[in-house]
Amino acid sequence: MNDIVEGMLSAFRLIFSLDADLFEIILLSLQVTLTAVVIASIIGMPMGAWLAVNRFRFRRLTIAILNALMGLPPVVVGLIVYIMLSRSGPFGVLNLLFTPTAMVIAQVIIITPLIASISHQAIRDLWADYHDLLISLNTTKRQRILTLIKDARRSLLTASLAGFGRAIGEVGAIMIVGGNIDHLTRVLTTAIALETGKGEFAFALALGFVLIALAIIVNLAIHSISKTERASNW
Amino acid sequence: MVDKILPLNVKNAFVKKRGKRIIGPIDVQLSTKGFTMVMGPNGSGKTTLLRLLHGLENPREGKLKWNGNIESVRLEQSFVFQTPIMLRRTAIENIIYPLKLRGIPNDIATKIANEWISKINLENSSNVNARFLSGGEKQKLAIARALTTKPQLLFLDEPTANLDGSATKEIEKLLQEAHKAGTRLIMTTHDMGQGKRLADDIIFLYRGTIHETAKAISFFKYPATQEAQAFLNGDILE
């Protein structure tokens with residue numbers, strides 16, 4: 001219990017002392033996670049919409065696999081990305097291992113199925129509402145997908161936030177592909193793991209509270225910008 | 001180049017679902033002008049007939065022969081559903097949507113949409129999310145959206161079902177104006193009064209087949225079939 005109280009106090013001290021190292025870690029955490037969320041949303045949302053409006057052979061199987069991939073073990077993803085980016089791997093020549101880019105790649109792989117799957121469910125419901133109208137208006141498949149993405153944007157925001165939630169708290173994959181290198185690839189989660197290993201529980205907890213606060217602030221900011229959860233929108 | 005898409009000739013068309021006949025055989029010709037009402041008891045296939053003609057259902061057998069090329073046929077018809085399907089956008093954006101699909105620039109589309117908003121007396125709700133409008137307002141908006149692209153042919157599936165007299169009157173006024181402007185209208189209804197007020201012709205449907213096509217005056221005074229007579233008398237048709 002003392003550790004938790006001490007952790008909270010340390011968190012406040014860290015933040016209000018404007019610790020440069022801490023802000024560097026926070027900034028990198030945000031940079032890596034938000035980049036991954038944007039890329040995964042650009043891939044996942046059209047994929048979800050496409051799956052919702054198209055009928056093809058093995059569609060159910062594709063959706064089942066996509067849903068299953070939501071639970072991809074991050075450590076396995078990290079390992080695969082590591083092998084691909086290591087010097088002997090197919091993309092070794094790019095020299096990306098132990099860089100923030102490698103961490104973004106791993107996170108994109110982890111959260112794209114999650115964003116695509118939630119997007120698919122949201123857009124599938126909207127497509128059921130819109131189906132007859134959009135067919136009647138003689139829309140092309142591209143127009144349908146764009147209309148559905150635009151009109152389901154609030155639900156899609158939830159998909160992105162779910163992706164953000166998973167990515168910001170992820171440690172296994174980015175530890176493997178990032179290496180937790182000080183001033184280069186150290187983010188909040190890997191720093192927490194390191195401090196815990198060193199027995200610095202209060203400091204690790206402080207970082208943990210900062211991480212939770214960061215997740216809440218980003219969620220609030222996005223809700224505020226997108227004007228969701230307001231009575232007039234109900 | 002937009003062709004005249006009518007007349008439409010339907011020959012021996014069937015709509016089937018999982019092997020079960022829903023409507024058919026359907027043989028009918030839609031002339032270039034007029035206001036046709038499709039009447040018949042519940043489950044007679046009125047909605048399916050409209051969906052078949054509009055292309056929302058494919059005929060399992062038989063064929064539909066339009067006058068124009070396929071592109072004109074697709075662009076020159078609109079459909080108003082019994083339960084209005086509103087895009088999750090404001091009222092005015094619902095009207096702008098089909099115009100923008102046709103490549104009309106934003107400023108011109110907005111101007112046209114504003115004219116329609118005034119015409120249907122929704123100026124005060126122009127920027128309200130269309131889902132929050134009343135049933136009558138939604139249906140007026142759906143009709144405005146369907147007419148904004150000036151289609152040659154407009155299908156309406158019981159557009160005034162569940163609406164009160166005042167909303168029905170406003171919608172009928174819109175339809176009469178479209179009729180006068182030369183839009184070909186095909187509409188389903190249960191309301192015999194409405195049929196008498198609006199229709200030039202009647203298609204009477206019973207158990208998935210057309211039992212009678214006639215001028216409205218003739219149909220209401222001298223129905224040619226026993227089923228139509230019973231329907232007009234308000235008898236229960238099985």
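## Two chains, one helical and one mixed

In helix H1 of chain B, the residues B:Lys46, B:Thr47, B:Thr48, B:Leu49, B:Leu50, B:Arg51, B:Leu52 and B:Leu53 are buried. A residue is called buried if 20 or more other C-beta atoms lie within 10 Å of its own, exposed if 12 or fewer do, and partly exposed in between, with C-beta atoms placed from the backbone. Helices (H or I, at least four residues) and strands (E, at least two) are DSSP runs, numbered from the N terminus.

The model is predicted: local features need pLDDT of at least 70, side-chain atom pairs count only at pLDDT 80 or more, and totals for chains, interfaces and linings use all residues. Residues are numbered from 1 along each chain as its sequence is written, while chains are lettered from A and ligands numbered from 1 in the order in which they are written.

### Chain B

H1(B) covers residues 46–54, and 8 of its 9 residues are buried, so this helix is largely enclosed by the rest of the structure. What do the buried residues of H1(B) pack against? They pack against strands S1 (8–17), S2 (20–30), S3 (35–39), S6 (153–157), S7 (184–188) and S8 (201–206) of chain B. After H1(B) comes B:Gly55, which has a positive phi near 100 degrees.

S1(B) and S2(B) run antiparallel and are joined by 7 bridges. Two strands pair if DSSP finds at least two bridges between them. Within this pair, B:Asn9 has B:Gln29 of S2(B) as its bridge partner. The two strands form a hairpin with 2 residues between them, and B:Arg18 in the turn has a positive phi of about 50 degrees.

Strand S5 of chain B (residues 77–80) is covered on both faces. B:Gln77 and B:Phe79 are buried on one side, and B:Ser78 and B:Val80 are buried on the other. S5(B) pairs with S6(B) in the parallel sense over 4 bridges, and B:Ser78 stands opposite B:Leu154 in S6(B).

Two other residues of chain B have fewer neighbours than the buried cut-off requires. B:Phe220 belongs to helix H8 (residues 216–221) and counts as partly exposed because it has 17 C-beta neighbours inside 10 Å. Leaving out residues up to four places away in sequence, B:Phe220 touches B:Lys196 and B:Leu232; two residues are in contact if their C-beta atoms, placed from the backbone, lie within 7 Å. B:Ile70 lies in helix H2 of chain B and is exposed, with 9 other C-beta atoms within 10 Å. B:Ile70 and B:Ile5 are 65 residues apart along the chain, and their C-alpha atoms are separated by 8.9 Å.

The radius of gyration is taken over C-alpha atoms, and the globule rule is 2.2 Å times the number of residues to the power 0.38. For 238 residues a compact globule would have a radius of gyration near 18 Å, and chain B agrees because its value is 18 Å.

### Chain A

Chain A follows the pattern α-α-α-α-α-α-α-α-α-α along its sequence. Its helix H2 (residues 20–53) has 34 residues and reaches 49 Å from the first C-alpha to the last, close to the 50 Å expected at 1.5 Å a residue. The expected span is 1.5 Å times one less than the number of residues. H2(A) bends by about 30 degrees at A:Ser41, where the bend is the angle between axes fitted to the seven residues ending there and the seven starting there.

A:Leu51 also has its place in helix H2 of chain A. Is A:Leu51 buried or exposed? A:Leu51 is buried, with 20 other C-beta atoms within 10 Å. Residues up to four places away in sequence aside, A:Leu51 touches A:Thr62, A:Ile63 and A:His120.

### The chains in figures

| Chain | Helices and strands | C-alpha span along principal axes | Buried residues |
|---|---|---|---|
| A | 10 helices, 0 strands | about 65 × 55 × 30 Å | 36% of 234 residues |
| B | 9 helices, 9 strands | about 55 × 40 × 35 Å | 42% of 238 residues |

Among contacts between residues at least 6 apart in sequence, 78% in chain A join residues at least 24 apart, and in chain B 68% do.

### Where the chains meet

In chain B, 12 residues are in contact with 11 residues of chain A. Helix H2 (70–75) and helix H3 (91–101) of chain B each supply at least two residues of the side that touches chain A. The residues of that side of chain B divide into 8 nonpolar, 1 polar and 3 charged. Here Ala, Val, Leu, Ile, Met, Phe, Trp, Tyr, Cys and Pro count as nonpolar, Asp, Glu, Lys and Arg as charged, and the others, Gly among them, as polar.
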